[in-house]
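Colleague: Could you walk me through this one? I'd like to go over the ring contacts and the strands.

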Amino acid sequence: VHRDHLSVREASRRLGISRNTAAKWLKANEMVEPSYPKRATVPSVLDPYKEQLSTWLKADSHRNKRERRGIKAMFRALQAMGYPGSRGPVYEFAKRWQQAQSNAPTRMAFVPMSFEMGEAFQFDWSCEYLFVGGMRKRLEAAHTK
C-alpha cells in the first residue's frame with residue numbers, strides 16, 4: 001500500500017486476503033507472521049463406511065460400464081446400512097478414490113527371466129487342431145523350452 005501506492009482493497013485483492021486483515025496489518029507497528037491454533041481433527045461421519053464404499057468401487061471398476069452402479073446408488077445403499085450423513089462426503093470420497101486409481105500404475109511390469117544353459121526349462125501343454133484327410137483332428141502337444 002505504502003510502496004506501490006495502492007488502495008487497501010487492491011492490495012488485499014492481489015494478496016488474496018481479506019480487507020480487514022490487510023487493514024489490521026497496516027495498523028500494526030511491526031510486521032509479524034500470524035500464527036493460528038492447530039485445528040483438532042474430527043472423525044468423519046463416513047469413516048465407518050469407507051471400507052465398504054472402497055470395496056464397492058473396486059468391484060464396480062472391474063464391471064462393464066453399463067453394469068456399474070452409480071455413486072447415487074451407493075449412497076442410497078449406505079443410507080440403508082445406517083449412514084447418517086449427506087451425500088457430499090460420499091461423492092468426494094468416490095472422486096478421490098477414482099483419481100487415485102487413475103494415477104496408479106495399470107499393469108505390473110514384465111521382467112523377463114534369464115537362465116544359463118541347462119539351469120532351467122519351461123514346459124506347457126497346448127491343444128491344437130489339424131486337418132488330416134479332410135477331417136479335423138485334435139492334437140495334444142507338449143512344449144519344452
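Modeller: Sure, one definition to begin with: a charge sits over a ring if NZ of Lys or CZ of Arg is within 6 Å of the ring centre and within 35 degrees of the ring normal. Bear in mind that this is a predicted model, where local features need pLDDT of at least 70, side-chain atom pairs count only at pLDDT 80 or more, and totals for chains, interfaces and linings use all residues. Residues are numbered from 1 along each chain as its sequence is written, and side-chain values use heavy atoms, with hydrogens and water left out.

Colleague: Which ring does the charged end of Arg136 sit over?

Modeller: Take the distance to the ring centre, which is 4.0 Å here. The ring under the charged end of Arg136 is that of Tyr129.

Colleague: And how far is the charged end of Arg87 from the centre of the ring it sits over?

Modeller: The ring in this case belongs to Tyr91. From its centre, the charged end of Arg87 is at 5.3 Å.

Colleague: How many bridges join strand S1 to strand S2?

Modeller: Helices (H or I, at least four residues) and strands (E, at least two) are DSSP runs, numbered from the N terminus, and two strands pair if DSSP finds at least two bridges between them. S1 covers residues 123–132 and S2 residues 135–144, running antiparallel. They form a hairpin with 2 residues between them, and Gly133 in the turn has a positive phi of about 60 degrees. The number of bridges joining S1 to S2 is 10.

Colleague: Why is the pair of Tyr49 and Tyr83 edge-to-face?

Modeller: Rings of Phe, Tyr and Trp (its six-membered ring) pair if their centres lie within 6.5 Å; planes under 30 degrees apart count as stacked, over 60 as edge-to-face and the rest as tilted. There are 3 aromatic pairs in the structure. In this one the centres are 5.5 Å apart, and the pair is edge-to-face because the planes are at 80 degrees.

Colleague: Which residues form one aromatic cluster with Tyr83, and is Tyr83 buried or exposed?

Modeller: Tyr83 has a relative accessible area of 4%, so it is buried (under 20%; exposed is over 50%, partly exposed in between, with a 1.4 Å probe and protein chains only). Phe75 and Tyr83 have ring centres 6.2 Å apart and planes at 80 degrees, so that pair is edge-to-face. So Tyr83 is buried, and its partners in the cluster are Tyr49 and Phe75.
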